[in-house]
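I sat down with this one to look up sheets, disulfides and surface patches. My notes are below, in the order I took them.

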Amino acid sequence: ETEKYHLDINCKLPADVPLHFFGFRTHAHSLGSVISGYAYNEERNEYRQIAKGNPQWPQAFYPMKKLQTVQPEEFMHARCTYNSMSRDKVTFIGATAGDEMCNLYLMYFFPPGKAPDFLGCGG
């Protein structure tokens with residue numbers, strides 16, 4: 001029973017060329033309240049927010065306020081925030097409705113043939 005519990009995930013951009021992000025979709029189950037995405041530049045020790053959404057909104061891709069370019073040496077970071085005040089049992093990460101998820105989907109483009117059509121970050 002926690003009002004705000006954060007779950008974080010990150011990885012180095014899994015591409016050798018800059019990716020240009022233009023849309024996002026968040027997904028969690030009933031306890032998810034917000035999912036945010038960031039790009040992190042290690043050299044400048046700087047985060048910049050690239051996406052933020054409510055996973056309880058309709059499951060659709062939403063446009064980003066502006067095009068976000070992430071460089072190959074930068075890191076991708078997602079933070080999921082959960083509110084478990086209505087839950088009186090332990091919640092696990094998993095695929096069922098009684099479990100929770102932390103998914104941030106990003107739509108991107110790049111020069112043809114320079115990166116895979118699908119990239120993943122996480123476990």
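What follows are my entries on the strands, the cysteines and one patch.

**Ground rules.** I'm working from a predicted model, where local features need pLDDT of at least 70, side-chain atom pairs count only at pLDDT 80 or more, and totals for chains, interfaces and linings use all residues. Residues are numbered from 1 along each chain as its sequence is written, and side-chain values use heavy atoms, with hydrogens and water left out.

**Entry 1, the four-stranded sheet.** I looked up the strand order and got β1-β6-β3-β4, an open sheet with antiparallel pairing. Strands here are DSSP runs (E, at least two residues), numbered from the N terminus, and two of them pair if DSSP finds at least two bridges between them. At the edges I found β1 (5–12) and β4 (46–53), each pairing on one side only. Neighbouring strands in this sheet are turned by 20 degrees against each other on average, direction ignored. I note that such angles are taken between lines fitted to C-alpha atoms and run from 0 to 180 degrees between N-to-C directions.

Then I checked how β3 and β6 are joined. Eight bridges connect β3 (residues 32–41) with β6 (residues 75–82), and the two run antiparallel. To get the register I picked Val34, whose bridge partner in β6 is Thr81.

**Entry 2, the three-stranded sheet.** A second lookup gave me an open, antiparallel sheet in the order β5-β2-β7. Both β5 (62–70) and β7 have a single partner strand, so one side of each is left without a neighbour in the sheet. The twist from one strand to the next averages 35 degrees. I counted five bridges between β2 (residues 19–27) and β5, which run antiparallel. For the register I noted Phe21, with Gln68 as its bridge partner in β5.

**Entry 3, disulfides.** How many disulfides does a search of the whole structure find? I got two, taking a disulfide as a pair of cysteine sulfur atoms within 2.5 Å.

One is Cys11 with Cys121, sulfur atoms 1.9 Å apart. The pair links distant parts of the chain, with Cys11 in β1 and Cys121 in the segment after β7 (103–109), 110 residues apart. Cys11 is buried at 16% relative accessible area, while Cys121 is partly exposed at 36%. For these words I use under 20% relative accessible area for buried, over 50% for exposed, and partly exposed in between (1.4 Å probe, protein chains only).

The other is Cys80 with Cys102, with 1.9 Å between the sulfur atoms. Cys80 sits in β6 and Cys102 in the loop between β6 and β7, 22 residues apart. I read 80 degrees about the S-S bond, a right-handed link. Cys80 is buried, with a relative accessible area of 1%, and Cys102 comes out partly exposed at 21%. Numbered in sequence order, the bonded cysteines pair 1-4, 2-3.

**Entry 4, a nonpolar patch.** Which residues form a nonpolar patch on the surface? I listed Phe22, Phe61, Leu67, Tyr105, Met107 and Phe109, with about 540 Å² of accessible area together. Areas come from the Shrake-Rupley method with a 1.4 Å probe, and for residues only the protein chains shown count as cover. Patch residues need over 30% relative accessible area and no salt bridge, and nonpolar side chains (Val, Leu, Ile, Met, Phe, Trp, Tyr) are joined within 5 Å, like charges within 9 Å. The salt bridge I exclude is a side-chain nitrogen of Lys or Arg within 4 Å of a carboxyl oxygen of Asp or Glu.

The largest share of the patch, three residues, comes from β7. Phe61 lies in the loop between β4 and β5 and is partly exposed at 42% relative accessibility.
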